[in-house]
Amino acid sequence: MEIRKATIDDVKDISRIYALSWKFAYKGIIPQAYLDELKEDHWESVFVDWIKDNVLTAEIVFENGKPIGCVAYGKSRDKSLPDCGEIVSLYLLPEYFGKGYGNKLLDSALSDLKESGYESIYLWVLKDNPRARRFYEKNGIRCNNDEYVLEIMGEQLIDVRYVYSFNSCTK
């Protein structure tokens, strides 16, 4: 297993990982028509911009040379939390769920965010995604009950905020 910083050359793999993960992890949560229409290249241009403009850092995990997961993180995008770091996303190919790769990606992102000087971080999780919520809770990241409503294909979805402080917890 290898984790390294992603480059623009990795965006095709990252976008594919995201799309396949969404289709599996969000089945029954996000409208199926949206998941059915989701293309593997959906996130390519976004990641090109994020990486090129240093908006976010992306790390990609490889198993036997095959890209299998990615985490994206950086400075808070929430103007009310300007001093926090944010984990924007963490996705794996579905066949690698539950095998410890997510823990490794999360640990790597948290370590980098701490080294960058952040004292705390947050992330958003779909309220109706018990697998992801258990994953973050198992890793010491706690729900603070802040909510954000988003809409996909006319259906309202609720994200809940999870927070982690480097000073009050040991990981």
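Okay, let me start with one term: a salt bridge is a side-chain nitrogen of Lys or Arg within 4 Å of a carboxyl oxygen of Asp or Glu. The general idea is that side chains of opposite charge can pair when their charged atoms come close. And please keep in mind that what you see here is a predicted model.

So, how many salt bridges does the structure hold? There are 10 of them. Let me take you through a few.

Arg16 and Glu40 are one such pair, with 3.6 Å from N to O. What I like here is that the two partners come from distant parts of the chain, 24 residues apart. Arg16 sits in helix H1, which covers residues 11–25, while Glu40 belongs to the loop between helix H2 (32–37) and helix H3 (44–52). Buried or exposed, or somewhere in between, for Arg16? Partly exposed, at 34% relative accessible area. Glu40 is also in the partly exposed class, with 39%.

Next, Asp53 and Lys52 make a salt bridge through their side chains, at 3.9 Å from N to O. Asp53 has a relative accessible area of 46%, so we call it partly exposed, since exposed means over 50%.

Then there's Glu95 with Lys66, a salt bridge at 3.6 Å, again N to O. Glu95 is in the loop between strand S4 (85–92) and helix H4 (101–115), and Lys66 is in strand S3, residues 66–75, so this pair ties together parts that are 29 residues apart in sequence. Glu95 is partly exposed, at 44% relative accessible area. Lys66 is partly exposed too, at 34%. And one more thing on this topic: Lys5, Glu59 and Asp112 are joined into one network by salt bridges that share partners.

Right, on to the cysteines. How many disulfides does the structure hold? Zero. As a reminder, a disulfide is a covalent bond between the sulfur atoms of two cysteines. Let's look at where two of the cysteines sit. Cys70 has a relative accessible area of 0%, so it counts as buried, which takes a value under 20%. Cys143 comes out at 23% relative accessibility, so that one is partly exposed.

Let's move to the strands. Which strand does S6 join through eight bridges? That's S7: S6 is residues 142–152, S7 is residues 155–165, and the two run antiparallel. If you want one pair to find on screen, look for Tyr148, whose bridge partner in S7 is Asp159. S6 and S7 form a hairpin with two residues between the strands, and in that hairpin Met153 takes a positive phi near 50°.

Now for the empty space. Rolling a probe the size of a water molecule over the atoms shows where empty space is left. The largest pocket holds about 1200 Å³ of space. It has 44 lining residues, and the closest to its centre are Tyr26, Ser89, Leu90, Tyr91 and Trp124. Which element gives the most to that lining? S4 does, with seven residues. Several other elements take part as well: H1, H3, H4, strand S5 (120–126), helix H5 (130–138), S6 and S7 each supply at least two residues. By residue class, the pocket lining splits into 29 nonpolar, eight polar and seven charged.

There's also one cavity of 30 Å³ or more. The largest cavity contains about 30 Å³ of space. Around it you'll find Ile29, Leu126, Lys127, Asp128, Leu157 and Ile158. In that lining, four residues are nonpolar, none are polar and two are charged.

Last bit: a couple of distances to get your bearings. Leu20 is in helix H1, and at 23% relative accessibility it's partly exposed. From Leu20 to Cys143 you go 123 residues along the chain, and their C-alpha atoms are separated by 26 Å. For another landmark, try Arg131, which lies in helix H5. Arg131 is partly exposed, with 47% relative accessibility. Between Arg131 and Ala33 there are 22 Å in space, C-alpha to C-alpha, and the two are 98 residues apart in sequence.

Notes. Residues are numbered from 1 along each chain as its sequence is written. This is a predicted model: local features need pLDDT of at least 70, side-chain atom pairs count only at pLDDT 80 or more; totals for chains, interfaces and linings use all residues. Side-chain values use heavy atoms; hydrogens and water are left out. On a 1 Å grid over the protein atoms alone, a cavity is a set of points where a 1.4 Å probe fits but cannot get out, and a pocket is an open set with protein on both sides within 12 Å along at least five of seven lines; lining residues have an atom within 4 Å of a point. Grid points are joined across faces, edges and corners, and a volume is the space filled by probe spheres set on the points. Ala, Val, Leu, Ile, Met, Phe, Trp, Tyr, Cys and Pro count as nonpolar, Asp, Glu, Lys and Arg as charged, and the others, Gly among them, as polar. A disulfide is a pair of cysteine sulfur atoms within 2.5 Å. Buried means under 20% relative accessible area, exposed over 50%, partly exposed in between (1.4 Å probe, protein chains only). Helices (H or I, at least four residues) and strands (E, at least two) are DSSP runs, numbered from the N terminus. Two strands pair if DSSP finds at least two bridges between them.
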